[in-house]
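This report walks through a single protein structure for a reader who has not met it before. It takes up the cysteines, a sheet, the nonpolar cores, the spaces within the fold and two unusual backbone positions.

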Amino acid sequence: MSRVLLVNPPDDLDAFLGAGKAYVQRYEPLGLLYVAASARRAGHEVAVIDCPGEGIGLDELEGRIRAMRPEVVGVSTLTSGGGSVYALGRWLKAELPGTLVVLGNVHASVYAKEYLANGCCDAVVHGEGERAFEMILERRARGGGQGCALADCPGVSFKDAGGTVRPASPAGVVEDLALLPLPARDLVGSNAYGLSSVSNQLYIPAKGAVVKTLSTSRGCAFACTFCVVNCRQRFRPAKAVVDEMELLEKEHGASYLAIVDPACMADRGRMLDICSEIGRRGLRARWGCDSRVNFVDPELVKAMDRANCFDLSFGIESGVQRLLNNVKKGETLEQARKAVAVVKEHSGIQLAGLFILGLPGETRRDSLETIRFALELPLDMAQFSILSPYPGSALFEELRAKGEIDDGVRPDGSLDPSVWARYSAYISFTENDPAWVTPGLTAGELKSLQKKALRDFYLRPSHILRQLRRVHPGNLLQVARLAAATFF
């Protein structure tokens, strides 16, 4: 069996978000902890280093890896940490050449060829990582681990013994989510995570309160072109979900649970069963989730309210139907109006609306209409993102194929990670320009519109009072500075 280290690498939120990084909440690296649990169940010795959670950079990470000398290192790779992974991987292969280095997650999948060719890793896992990573570890235990030993691992690209990059076969998914062990939360320190008192989340915990995350499904049946979640949806059974909720409440002391999957309400019957089971067990922890506006109805909303649902975030995206159609959202403005009204009429659930400015084909007039639409709805909070064609989305692939976007890949095959800082939905907090701007707008206009949207929504008297009630007295100065960076 192997000594395995799984790493959530340092991110570069200063470059991506500037002062806006204060809004980012620290949650457990759930995907990495699922992989850790699966590898541990298979008999491997597993450790996890979560750099954002622990607040450590590359230098300290490298020192800890040097001391641990793991046989296999797996690194979760998202766009915000893609540059760190580029540096870390090359350091690992130079410092510990006998260590098998495996990258996973969306960004690594998109840039697998470049990461492999530039000596950052030995293999890249595409898609869901639990079974593929186990298979890599099995090959290594049998004396392989690199080259042709990985040729029959589904969804794994690698560099063979001759140095040729071999692309992955189609990525697999975990068909039965009930077979997965629960995330190995014991491998990370619980004090590093939770919602801060300065937050763009609806739920503000009491001091010292425990906040946990959980996943109830994977994938999504819809095909929004700006989204990186693009595989078939599968669901955990209702009982298994509530078992985990009960565990988090009673053994971890959680008072709030954030459901992180994007479409947990897609199976209406299952959600009703979850709500019923929460009530039957007398659980008290509040919880929140994201939803599409076409998922809600009065009966479901009432059941969720009775089952301690505190907040819902609707992906409304735009106030212009033409733009929703352009990105294959599969929803209407009337559905959005109706969904918000249903929640407000039949429950006490708090509502956030998620909007995007700068969608393909958008003009300034369209952006102003989206802002107006957001103000029309009785929302408790709203987020206004600037469109970022994230690597892994259909929109990114379309723009890259047209040569309309700088993806960071240079003619010699090297990578320029500095480009990735422009893939930011909150780029108006920085001096950067967006990675791509729709022809009807300019970068400056988009950043200005994001500030305007936030001012128009939150600087209304009723919302000023609501937000002031969320502020802890000890955070007044921090909140004042953050407000200046947010609105102006």
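A disulfide is a pair of cysteine sulfur atoms within 2.5 Å. The model shown here is a predicted one, and with that cut-off the count comes to zero disulfides. Cys120 and Cys121 illustrate the point: the sulfur of Cys121 has its closest cysteine sulfur in Cys120, at 6.3 Å, and this is too far for a bond because a disulfide needs the two atoms within 2.5 Å. Seen from the other side, the closest cysteine sulfur to that of Cys120 is the one in Cys121, again at 6.3 Å. Both residues are buried, Cys120 with a relative accessible area of 0% and Cys121 with one of 2%.

**The seven-stranded sheet**

Seven strands make up an open sheet with mixed pairing, in the order S2-S1-S3-S4-S5-S6-S7. Its edges are strand S2 (45–50) and strand S7 (165–166), each of which pairs on one side only. Three of the pairings in this sheet are set out below, each with one pair of residues that face each other across it.

| Strands | Sense | Bridges | Partner residues |
|---|---|---|---|
| S3 (72–76) and S4 (100–104) | parallel | five bridges | Val72 and Leu100 |
| S5 (123–125) and S6 (156–159) | antiparallel | three bridges | Val125 and Val156 |
| S6 and S7 | antiparallel | two bridges | Lys159 and Val165 |

The pairing of S6 with S7 forms a hairpin with five residues between the two strands, and within its turn Gly163 has a positive phi of about 90°. Strand S6 also holds Ser157, which counts as buried because its relative accessibility is 2%, under the 20% cut-off. Although Ser157 and Ala171 are 14 residues apart along the chain, the distance between their C-alpha atoms is 9.9 Å.

**Nonpolar cores**

In soluble globular proteins, nonpolar side chains tend to be buried together. The largest nonpolar core of this model has 70 residues, and the members that touch the most others are Met265, Trp287, Met304, Leu312 and Phe314. A second core, separate from that one, consists of 51 residues, among them Leu17, Ile49, Cys51 and Ala112.

**A pocket and a cavity**

Rolling a probe the size of a water molecule over the atoms shows where empty space is left. The second largest pocket has a volume of about 590 Å³. Its lining consists of 28 residues, and those that lie nearest its centre are Tyr23, Tyr458, Gln467, Val479 and Phe487. Two or more lining residues are given by each of strand S15 (381–386), helix H16 (443–458), helix H17 (461–468) and helix H18 (476–487), with H18 providing the largest share, namely five residues. Sorted by class, the lining of this second largest pocket has 18 nonpolar residues, nine polar ones and one charged one.

How many cavities of 30 Å³ or more does a search of the whole structure find? The search finds three cavities of that kind, and the largest cavity has a volume of about 40 Å³. Tyr34, Leu177, Leu180, Ser215, Ser217, Arg218 and Arg236 line this largest cavity, which gives its lining three nonpolar, two polar and two charged residues.

**Positive phi outside glycine**

Two residues that are not glycines also deserve a look at their backbone angles. Asn308 has a positive phi of about 80° without being a glycine, and its place is in the loop between helix H11 (298–306) and strand S13 (309–317). Lys328, likewise a residue other than glycine, has a positive phi near 55° and lies in the loop that runs between helix H12 (321–326) and helix H13 (333–346). Is Lys328 buried or exposed? Lys328 is exposed, because its relative accessible area of 57% is over the 50% cut-off.

Note on methods. Residues numbered from 1 in each chain as written. Heavy atoms only, no water. Core = buried A, V, L, I, M, F, W, Y, C linked by side-chain atoms within 4.5 Å. Buried < 20%, exposed > 50% of the residue type's maximum accessible area, 1.4 Å probe, protein only. Helix = DSSP H or I, 4+ residues; strand = E, 2+ residues; numbered from the N terminus. 1 Å grid on protein atoms, 1.4 Å probe; cavity = no way out; pocket = protein on both sides within 12 Å on 5 of 7 lines; lining within 4 Å. Points joined across faces, edges and corners; volume = space filled by probe spheres on them. Nonpolar A, V, L, I, M, F, W, Y, C, P; charged D, E, K, R; others polar. Pairing = 2+ DSSP bridges.
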